[in-house]
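User: Please examine the model shown below and answer some questions about its helices and their packing.

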Amino acid sequence: MGRAKLPLSLGRIHQEQNDLDEALAYSRQPEQIRQEQGPMNFLGVLQTSICIGAVLWLRKDLDLALEYYHRTLISEQLSN
């Protein structure tokens, strides 16, 4: 499992446990890894944004969740 995929998996587990602060912290780690080590593959970037958006949505931080979802949608459209 890649270095960026493990935090996303851990974030999903915390999300299922309704520990949304911890889920968000883990879901943001791939962004930090990408900043430190350069770009990840495109699908990994999209998956990271979707996971963060999902946790923010569950936390009722809807404006920020929309921002992540819009960022993902725009990135996806630019890649086509």
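The questions and answers below concern two helices and one residue.

Analyst: This is a predicted model, in which local features need pLDDT of at least 70, side-chain atom pairs count only at pLDDT 80 or more, and totals for chains, interfaces and linings use all residues. Residues are numbered from 1 along each chain as its sequence is written, and side-chain values use heavy atoms, with hydrogens and water left out.

User: What span should helix α1 have, and how far apart are its end C-alpha atoms?

Analyst: Helices are DSSP runs of H or I with at least four residues, numbered from the N terminus. The expected span is 1.5 Å times one less than the number of residues. For the 12 residues of α1 (residues 5–16) this gives 16 Å, in agreement with end C-alpha atoms 17 Å apart.

User: Where on α1 do its buried residues lie?

Analyst: Buried means under 20% relative accessible area (1.4 Å probe, protein chains only). In α1 the buried residues are Pro-7, Leu-8, Gly-11 and His-14. Their directions from the helix axis to the C-beta atoms fall within an arc of 120 degrees, so they line one face of the helix.

User: Which residues does Val-55 touch beyond four places away in sequence?

Analyst: Val-55 belongs to helix α3 and is buried, with a relative accessible area of 0%. Its C-alpha atom is separated by 6.9 Å from that of Gln-15, 40 residues apart along the chain. With contact taken as heavy atoms within 4.5 Å, the residues touched by Val-55 are Gln-15, Leu-20, Ala-23, Leu-24 and Ser-27.

Technical notes. Helix = DSSP H or I, 4+ residues; strand = E, 2+ residues; numbered from the N terminus. Buried < 20%, exposed > 50% of the residue type's maximum accessible area, 1.4 Å probe, protein only.
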